[in-house]
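Please open the model in a viewer and keep the sequence at hand. The tour below proceeds by selection, one element after another.

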Amino acid sequence: MADTDTKTGLDGVIAAAKTQAPGRGLPPVHLWNPAHCGDIDIFIRKDGVWFHEGTPIGREALVRLFSTVLRKDPDGFHLVTPVEKMKIRVEDAPFVATRVDREGAVLKFLTNVGDEVEAGPETGIRVEMDADSGEPRPYLHVRRGLEALITRPVFYELVEMAEERQGPEGPELGIESNGAWFPLGPPGLHVL
C-alpha cells in the first residue's frame, strides 16, 4: 500500500486511517497540523448518517474509519491526515449515542460508529433545550470536542435512572457517573 504522502483527498483519508494498527487506539489527529486543502463533499446528518456527494455511505466500516480521523477545530469539522485537512459539514453532532448501560456507578455508552464511552468528568453529558420545540437535546462528549447526540430512547433510559437533587437554583433531575453529576434539564423542569 502506498503511504499517505502519495495519496490525496478521500484516498489519503482512507490510507491515513488504515495505518493505525488494530488495538492501538485512535490516530493522533490532535497532533497533526497539515495545511487546509479545502472542502470535501461529506455531510453528517443529525441522525448520524454520513453522505458523500449526496449519497449515503453504506459501508459501516468506512464510516467508522472516517470517524477516527475526524477533528473539530474552531472553524468546523475536518477529516485530518498527516498531510491534509479537509472540511466537512455536520448538521448537529457528528455521532449518535445509541445505547447506554449502567455498570455499578458508571454509565457506558455506545455510539453509531462503535465508540465506547464512559460518562464522567472528562466525557460529560449536557442537555440543551431546543428553542423551537422546548424538547431536550442531550449530548455526550466523546473525545476532543466531538459529541454524540443521545437518541430519544437512550435519553428515556437516563431519565428512568435519574434522581432528584437540590441544586443552587432549585431541584434538578440528573444522573451520576464516575463521580460526576449531570443535570438532565433545567432546574425545576421535572416538577409539575
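Which residue of E15 does Ser177 stand opposite? Select Ser177 and look across to the neighbouring strand: its counterpart there is Ala180. Bear in mind throughout that this is a predicted model.

**The hairpin around the starting point**

Extend the selection to E14 and E15. These two strands form a hairpin with 2 residues between them. One residue to pick in the turn is Asn178, whose phi is positive at about 50 degrees. Strand E15 covers residues 180–183, and 4 bridges join E14 to E15 in the antiparallel sense. A further facing pair to display across these strands is Glu176 in E14 with Trp181 in E15.

**Strand E14 and its other partner**

Now select residues 170–177, which make up strand E14. Is this strand largely enclosed or largely open? Of its 8 residues, 6 are buried, so E14 is largely enclosed by the rest of the structure.

Next, add strand E13, residues 163–167. E13 and E14 run antiparallel and are joined by 5 bridges. The connection between E13 and E14 is again a hairpin, made through 2 residues. Centre the view on Gly167 to find Gly170 of E14 opposite.

With E13, E14 and E15 shown together, an open sheet of 3 strands is on display, in the order E13-E14-E15 and with antiparallel pairing. E13 and E15 are the edges; each has a single partner strand, so one side of each lacks a neighbour in the sheet. Viewed along the sheet, neighbouring strands are turned against each other by 55 degrees on average, direction ignored.

**The sheet of six strands**

Move to the other sheet by selecting E7 through E12. This is an open sheet of 6 strands with mixed pairing, and its order is E9-E8-E7-E12-E11-E10. At the edges are strand E9 (116–118) and strand E10 (125–129), each of which pairs on one side only. From one strand to the next, the twist averages 40 degrees.

Within this sheet, isolate strand E7, residues 95–103, and strand E8, residues 106–111. They pair over 6 bridges, antiparallel to one another. Picking Ala97 leads across to Thr111, which stands opposite in E8.

Then add helix H3, residues 152–161, which packs on the sheet. The helix touches E7, E8 and E10, together with strand E11 (136–143) and strand E12 (146–150). Its direction makes about 30 degrees with that of E7.

**The whole chain**

Finally, return to the complete chain. It contains 3 helices and 15 strands. Of its 192 residues, 44% count as buried. The accessible surface comes to about 10300 Å², and carbon and sulfur atoms account for 50% of it. Among contacts between residues at least 6 apart in sequence, 51% join residues at least 24 apart.

Colour the chain by pLDDT as a last step. The mean is 88, and 85% of the residues reach 70 or more. Over residues 1–5, however, the pLDDT is below 50, and this stretch has 8 contacts in the model beyond near neighbours in sequence. Where pLDDT is low, the predicted coordinates should not be read in detail.

How values were computed:
Residues numbered from 1 in each chain as written. Predicted model: local features only at pLDDT ≥ 70, side-chain atom pairs only at ≥ 80, totals over all residues. Heavy atoms only, no water. pLDDT = per-residue confidence, 0-100. Contact = heavy atoms within 4.5 Å. Helix = DSSP H or I, 4+ residues; strand = E, 2+ residues; numbered from the N terminus. Buried < 20%, exposed > 50% of the residue type's maximum accessible area, 1.4 Å probe, protein only. Areas by Shrake-Rupley, 256 points an atom, 1.4 Å probe, with all protein chains shown as cover. Pairing = 2+ DSSP bridges. Axes fitted to C-alpha atoms, helices over the stretch in contact; angles between N-to-C directions.
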